[in-house]
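Grab your viewer and a coffee, and work through the exercises below. Each one sets a task and then walks through a solution.

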Amino acid sequence: MNLQQFRFVRETIRRNFNLTEAARSLYTSQPGVSKAIIEFEDELGVRIFERHGKRLKGLTKPGQAVSVVIDRIMREVDNLKKVSDEFAQRDEGSLIIACTHTQARYLLPRVIPAFRARFPKVHVSLAEGNPEHLAKLVLHEQADLAIATETLAQTPGLVALPVYSWEHTLVVPPDHPLTGLTSSAARNLSLDHLAQYPIVTYDRAFSGRRAIDAAFEQAGIEPDIVLEAIDADVIKTYADIGLGIGIIAGVAFDPRRDKGLVGLPAGHLFGQHTTSVAIKRGVFLRDFVYVLMEMLAPSLSRDVVAEAIAQPAPPASSGPVAEVRAVA
């Protein structure tokens, strides 16, 4: 029984029981992975994987228990490496931030320059993706933290802490009929009025789209959504050429930068949302990760984050890892 066998089993599970993919990610041969798994099963005296011929189809009941133990062992092995790095090279290393386009484009530019000034020897990488992908990156320790809205707090194995709250904003060209509304009328714009125009907004997996759909559905209104996109820049582009009213996260609209558009508040229509930063429960965090989190939100002091990590995990019924919910 050795760490290499643990790695092979863990990676095989992560690769949906595809031995070829597991071997490729581990830079070894498929027969080598298969042989190591069989030897490990023989040593344990139980079958870890369900098989159909030579193909692995899933985990056996004992295999499910073994998987949990292996994850815990490998997490502690990774923590040992991080402890070593923290004290041997305190201000050096790499930091991978998993985030959506909105956070990469509008939140992080306010933070990363200050972080780089403080930690010039830390290499920063951004891994952009959809909610499900971001959660998996952190759970599989392929990213140090993730920044998104809603989904992260619902993902078992992650600790999610609030960074900032936001509301949706409508964006239209200056000559659009909605720009003629008084300030009071704009603040009280109804879904019925909004539904009179074509709409350009986020893909269903991004930036509060679920809240937009739910609001229209509850009102019994079928909106004319003519285009969906995964980031606010594309939505603003098509709103600017008059394709439809753009509905974007408020953080993505800046009247000084977006001079060709007019922004109208939409919080009363689609509610308030909270963007969170999430880390994997039980991992050891390097000092510069704590610093970054406090830069994201002053309320996320080292003590607050450490206390949150130390809290016991909630019941497993909190929701499936693969659930896709709206994020900014």
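**Exercise 1. Place Thr 169 and find out what surrounds it.**

Start with the element: Thr 169 sits in strand β6, residues 158-172. Helices (H or I, at least four residues) and strands (E, at least two) are DSSP runs, numbered from the N terminus. Before going on, note that this is a predicted model, where local features need pLDDT of at least 70, side-chain atom pairs count only at pLDDT 80 or more, and totals for chains, interfaces and linings use all residues. Residues are numbered from 1 along each chain as its sequence is written, and side-chain values use heavy atoms, with hydrogens and water left out.

Next, burial: Thr 169 counts as buried because its relative accessibility is 12%. The cut-offs are under 20% relative accessible area for buried, over 50% for exposed, and partly exposed in between (1.4 Å probe, protein chains only).

Last, the contacts (heavy atoms within 4.5 Å). Leaving aside neighbours within four places in sequence, Thr 169 touches Gly 246, Ile 247, Ile 248, Gly 250, Phe 253, Gly 263, Leu 264 and Ala 266.

**Exercise 2. Do the same for Arg 10.**

Arg 10 belongs to helix α1. With a relative accessible area of 13%, Arg 10 is buried. Skip the neighbours within four places in sequence, and the contacts of Arg 10 are Ile 70, Asp 71, Met 74 and Asp 78. For a distance check, go C-alpha to C-alpha from Arg 10 to Ala 22: you should get 9.0 Å, for 12 residues of sequence separation.

Now zoom out to residues 1-59, which the unreviewed UniProt entry annotates as "domain: HTH lysR-type". UniProt positions are given in the numbering used here, feature names are shortened, and annotations may be inferred rather than shown by experiment. That span is 58% helix and 15% strand, and its end C-alpha atoms lie 19 Å apart.

**Exercise 3. Which residues of helix α7 are buried, and what covers them?**

Step along α7, residues 131-139: the buried ones are Pro 131, Leu 134, Ala 135, Leu 137, Val 138 and Leu 139. Their cover includes α1, β3 (93-99), β4 (122-128), β5 (145-149), β6 and β11 (272-280). Right after α7 comes Glu 141, with a positive phi near 60°.

**Exercise 4. Inspect salt bridges, starting from Glu 141.**

Use this criterion: a side-chain nitrogen of Lys or Arg within 4 Å of a carboxyl oxygen of Asp or Glu. Glu 141 bridges to Lys 280, with the closest N and O atoms 3.1 Å apart. This pair links distant parts of the chain, 139 residues apart: Lys 280 is in strand β11, Glu 141 in the loop between α7 and β5. Lys 280 is buried at 11%, whereas Glu 141 is partly exposed at 22%.

Then try Arg 51 and Glu 41, whose side chains meet at 2.8 Å, N to O. Arg 51 is in strand β1 (residues 49-52) and Glu 41 in helix α3 (residues 30-44). Glu 41 is buried at 0%, while Arg 51 is partly exposed at 32%.

A further bridge joins Asp 213 and Arg 204 at 2.9 Å, N to O, and Arg 204 is exposed at 54%. Salt bridges with shared partners also tie Arg 105, Asp 233, Lys 236, Asp 254, Arg 256, Arg 257 and Asp 258 into one network. The full count is 21 salt bridges.
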